[in-house]
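Keep the model open beside this text. The tour starts with the sheets, then turns to the helices.

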Amino acid sequence: MSKKNKKLLLLPIVFMMSAVPLIVYMYEYNSNLSQFHWYSATEQETDFFLYYKAMAIIAVAAVMCVALICQYLKQKKEFRFDSLFIPLLVYALLTFFSSVFSEYRYFCFHGIAEMFESVWVLLGYCIIAFYTYQLVRTQDDVMFIMKWFTVGVAVMLFIGVTQASGHDFYATKLGKMLITVKRQWTNLDGIGFTFEKGRVYLSVYNPNYVASYFSLVIPVLVALLVKSKKIALKVLYACFIIASVVCLLAAGNRSGVVVFAAAGVFSLILFRRQILQHWKIVAPAAGAVLLVAVVVLSNHNQIIGKFMRLFHAEVTEEDAISEILTGDDSVTITYRGNALDIAYDYQEDTVSVSLTDGEGNPVACDLNAETVTYNVTDERFPDFAVTLIQMPDNNIGMDVFADNMDWYFEKGSDGTYYYYNTLGRLDKINNAPKVAVGFMERAFDARGTIWSKTIPLLKDCLLFGTGADTYTLVYPQNDYVAKKYDGTENLIDVKPHCFYLQVAVQSGVPALIAMLAFYIWYFIRCAKIYWKASYKEPMEMIGVSLWIATSAYMVASVMNDSSVNVSPVYWVMMGLGIAVNEMVRTQETDAGSVDAAK
């Protein structure tokens, strides 16, 4: 194969690593989610960071498929397959069948609002990894990819530094014009993102994904710095690394610090001999990076606060109202272990309210006839009051004042009771089960709450999952009691903030096992190759940096999800890592053969 043709075949890899994370453009669409009463009745949505990235991933993955088929037909002898990809193939098949058998197939194959990670995108990730492994054969291939990868990183750092300095490029007129459709140019002042000034979110939609992105970038930049022989390049890569650390920490999330620390410790272990030999250079460099980290962190007290809550989380009381049942004949509120059944009837000018306890006994109350308010006098339900009101839809409903909060209920067209939520829609309340409530919700904030409600979903995912991009639909969005106490009643949780829970729920627990087997197998191979490596060869440095990068990403994934913003970079690096490992093993074998011949 000629060099020109080879570089053309490498361009899809370069595009995935360098260009896809930078795609930001306005997309207006219909979410098709109004069928769910926990979602707004208005379906018109606008996206900037996700849809076109997803479309690019699918399109390039399709091109990769065609190229792989052509290569196989023309060069069967040179086509290779590593057994390491077997668990990845199992994961891909389980993900596909989970989507085919899903109750929500439309969203599986089209993607969902705020995510757009459809089954085609997930399968595309697997293709990306295999294509990269298949096409990358030489050191020149690797360095060609790395050259263009650093160009993409440079653009990303420009965006990140402007955000960290409080002059977000996307907040400028030029930035807004570049990412919006032309008809919106007359309304640029009305376009903006909600992140506070000085917080870095890059072009990856959310500061949380900044940690995932730089977990992949920083180790590779360090490797390129070490292996470069030109002083100018060393200075350039050093500047890139410092800027990356600043952006990582200025994102203001706890996972960024965890990733930074994990990658640092892992590097210290792997390069222990080299660090001792060159400590006079390493010590000042490490000190400079730590100084930058301390300066940045000193301006982000929220990160420090999040870490403190891991060890000194405030103990909060359990919610006084443990559950509310919107039943056929009544609304049942359980307050500190005591059940109160509330029902109302309205016929022409006659209204009546029934209040009974869990055993069917009447609950004492006083009626204010003027306001039609029943003030409960039973000491088991202090300050409870029920008022019949006219609802916004002109029907009669009731306002239940309980635990210093107003709860609105109305009979639906089927005659049963519904909760009237903040979106102005009637919905049944789901009192979702939780696990490890005290520990998770105090130490891990909102993530702990989400994890606590997600883990019980796994019992239904023991073979297949709920389907690609369906987490939003199966998560208990209508757990209104817990959400009201958390102050999140207006929020929709679209992701579990944990890649492993995301895979287990959507693709199934066996798919998660296959995914972990794929990475652990790769990890073990890397350990065998690089544990005692001298790192004198360029490919050894690149290979170990890819190992550190993907390991840091997997650590970050405990608190972050898979996303079209960053995942393409990870999957390219996985394919690249496997290919580079093969090169290093070949070099070691050849070197051993030469030594034996001597």
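Which strands make up the open sheet of 7 strands, and in what order? The order is E7-E8-E9-E10-E11-E12-E13, and the pairing is antiparallel. E7 and strand E13 (426-427) are the edge strands, and each pairs on one side only. Two strands count as paired if DSSP finds at least two bridges between them. Helices (H or I, at least four residues) and strands (E, at least two) are DSSP runs, numbered from the N terminus.

A word on the source. This is a predicted model, in which local features need pLDDT of at least 70 and side-chain atom pairs count only at pLDDT 80 or more, while totals for chains, interfaces and linings use all residues. Residues are numbered from 1 along each chain as its sequence is written, and side-chain values use heavy atoms, with hydrogens and water left out.

Now the whole chain. The protein chain holds 21 helices and 13 strands. Of its 598 residues, 53% are buried. Buried means under 20% relative accessible area, exposed means over 50%, and partly exposed lies in between (1.4 Å probe, protein chains only). Take the contacts in the protein chain between residues at least 6 apart in sequence: 69% of them join residues at least 24 apart. Contact here means heavy atoms within 4.5 Å.

Return to the 7-strand sheet and start at E7. Strand E7 (residues 365-368) runs antiparallel to strand E8 (residues 373-376), and 4 bridges join them. Cysteine 365 stands opposite valine 376 in E8. Leucine 367 has tyrosine 374 of E8 as its bridge partner. E7 and E8 form a hairpin, with 4 residues between them. In that turn, valine 372 has a positive phi of about 50°.

E8 also pairs with strand E9 (residues 385-390), through 3 bridges and again antiparallel. On this side, tyrosine 374 stands opposite valine 386 in E9. Further along the sheet, 3 bridges join strand E11 (residues 405-411) to strand E12 (residues 417-420), which run antiparallel. Phenylalanine 409 of this pair stands opposite tyrosine 419 in E12.

What is the strand order in the open sheet of 4 strands? It is E3-E4-E5-E6, with antiparallel pairing. Strand E3 (321-326) and strand E6 (350-357) each have a single partner strand, so one side of each is left without a neighbour in the sheet. Neighbouring strands of this sheet are turned by 15° against each other on average, direction ignored. Strand E5 (residues 338-347) and E6 are antiparallel and share 8 bridges. Aspartate 341 stands opposite threonine 356 in E6.

One more strand pair lies early in the chain numbering. Strand E2 (residues 44-47) is joined to E1 by 4 bridges, in the antiparallel sense. Glutamate 28 has threonine 46 in E2 as its bridge partner. In a regular strand the side chains alternate between the two faces of the sheet. Strand E1 (residues 27-30) shows such alternation. Tyr27 and Tyr29 point to one face and are buried, while Glu28 and Asn30 point to the other and are not.

Next, the helices. Helix H1 (residues 3-19) and helix H2 (residues 51-74) pack at an angle of about 160°, with axes 10 Å apart. H1 is therefore roughly antiparallel to H2. Axes are lines fitted to C-alpha atoms, for helices over the stretch in contact, and angles run from 0 to 180 degrees between N-to-C directions. Angles under 35 degrees count as roughly parallel, over 145 as roughly antiparallel, 65 to 115 as roughly perpendicular and the rest as oblique. Leu9, Pro12, Ile13, Phe15 and Met16 of H1 meet Ala56, Ile57, Val60, Ala61, Met64 and Ala67 of H2. The contact of H1 with H2 has 11 nonpolar residues, no polar and no charged. Ala, Val, Leu, Ile, Met, Phe, Trp, Tyr, Cys and Pro count as nonpolar, Asp, Glu, Lys and Arg as charged, and the others, Gly among them, as polar.

Helix H8 (residues 207-227) and helix H10 (residues 254-270) come within 8 Å, axis to axis, and cross at roughly 15°. H8 and H10 are therefore roughly parallel. Asn208, Ala211 and Ser215 in H8 meet Ser255, Gly256 and Val259 in H10. The residues of this contact of H8 with H10 are 2 nonpolar, 4 polar and no charged.

Finish at helix H18 (residues 499-506). All 8 of its 8 residues are buried, so H18 is largely enclosed by the rest of the structure. Among them are Phe499, Tyr500 and Gln502. Just after H18, glycine 508 takes a positive phi of about 105°.
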